[in-house]
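Please look over the sequence and the structure shown below before reading the report that follows.

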Amino acid sequence: MPLTLLVIVLSVVAWLWLRNQPASQRKPAILKLALIAGIGIVVLLAVTGRLHFVFAALAFLYPLLRRVLPSLLSGAGNGGAEGKSGNQSRVSSDILEMSLDHDSGAMSGKILKGPMAGRELADLSESEFLELLRYCRAQDQDSARLLETYLDRRFGDSWRADDEASSDSGTSGESGNSGGPLTENEALDILGLEPGASREEIIRAHRRMMQKVHPDHGGSNYLAARINEAKECLLG
């Protein structure tokens with residue numbers, strides 16, 4: 001009875017831990033849990049004098065493990081490679097570089113140019129955000145729209161109450177498009193794809209991105225326009 005209770009408690013803890021893992025990390029996490037569970041079973045059988053059952057099971061499963069285990073391990077190892085082409089997208093302007101996580105929808109950013117160059121957006125205070133926004137509006141409208149998108153996703157509409165330009169004249173042309181055509185590399189970065197991506201991969205990445213940033217889902221007109229432009233650029 002105590003052993004059964006311990007197994008139930010450990011199973012619940014493992015399930016909660018697995019549920020909190022990012023989607024891209026769940027396959028490696030399952031393998032880790034399976035490994036830990038296997039070690040625990042071996043130790044338990046060794047303590048109770050039933051270790052011979054393990055050797056019998058391994059002898060029976062060996063042919064299957066030889067075929068299945070390498071593919072599972074390579075799948076776990078390639079999780080980062082798939083994530084590189086599908087879990088992160090980058091959108092750059094003259095002043096800012098933004099990254100969008102496909103799994104969580106969270107945006108992060110870095111300042112490339114200006115008085116705050118080199119700083120992460122996550123480190124800025126509210127007054128610094130407004131100062132940066134004024135600088136972007138004066139220097140580069142694409143950067144201003146990109147920063148407004150970040151602020152909307154992070155703070156909702158609350159930041160606009162402190163933004164004099166927004167209250168006076170609305171947003172800085174959010175529905176507008178980029179100031180210039182995208183290059184192929186920029187389009188690939190926006191959709192989170194590698195060079196040589198197939199038509200199906202481009203369409204799938206575009207659909208996935210639009211589900212995250214479409215204005216109807218609380219996203220941004222500007223970012224949606226950039227994603228559409230990236231798709232058109234790559235599909236010709």
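## Aromatic pairs

In this predicted model, the structure contains two aromatic pairs. One of them joins Phe129 and Tyr150, whose ring centres are 5.9 Å apart and whose planes meet at 35°, so the pair is tilted; an angle under 30 degrees would have counted as stacked, and one over 60 as edge-to-face. This pair connects distant parts of the chain, since Phe129 belongs to helix H5 (residues 126-139) and Tyr150 to helix H6 (residues 141-155), with their positions 21 residues apart in the numbering. Phe129 is buried, with a relative accessible area of 3%, and Tyr150 is likewise buried, its relative accessible area being 3%.

Phe129 also forms an aromatic pair with Phe155, and here the arrangement is edge-to-face, with 5.7 Å from centre to centre and 75° between the planes. This pair, too, links distant parts of the chain, with Phe129 in helix H5 and Phe155 in helix H6, 26 residues apart. Phe155 has a relative accessible area of 35%, so this residue is partly exposed, because that class covers values between the 20% limit for buried and the 50% limit for exposed. Taken together, the ring pairs link Phe129, Tyr150 and Phe155 into a cluster.

## The sheet

Three strands make up an open sheet in the order E1-E2-E3, and their pairing is antiparallel. Strand E1 (88-92) and strand E3 (107-111) stand at the edges, where each has a single partner strand, so one side of each is left without a neighbour in the sheet. From one strand to the next, the twist averages 20°.

How many bridges join E1 to strand E2? Five bridges do so, and E1 and E2 (residues 96-101) run antiparallel. As for the partner of Val91, the residue that bridges to Val91 from E2 is Met98.

## The chain as a whole

The protein chain has 10 helices and three strands, and when it is read along the sequence these elements follow the pattern α-α-α-α-β-β-β-α-α-α-α-α-α.

Of the 236 residues in the protein chain, 32% count as buried. When contacts between residues at least 6 apart in sequence are considered, 53% of them join residues that are at least 24 apart. The accessible surface of the protein chain comes to about 14300 Å², and 58% of that surface belongs to carbon and sulfur atoms.

Note on methods:
Residues numbered from 1 in each chain as written. Predicted model: local features only at pLDDT ≥ 70, side-chain atom pairs only at ≥ 80, totals over all residues. Heavy atoms only, no water. Phe/Tyr/Trp six-rings, centres within 6.5 Å; stacked < 30°, edge-to-face > 60°. Helix = DSSP H or I, 4+ residues; strand = E, 2+ residues; numbered from the N terminus. Buried < 20%, exposed > 50% of the residue type's maximum accessible area, 1.4 Å probe, protein only. Pairing = 2+ DSSP bridges. Axes fitted to C-alpha atoms, helices over the stretch in contact; angles between N-to-C directions. Contact = heavy atoms within 4.5 Å. Areas by Shrake-Rupley, 256 points an atom, 1.4 Å probe, with all protein chains shown as cover.
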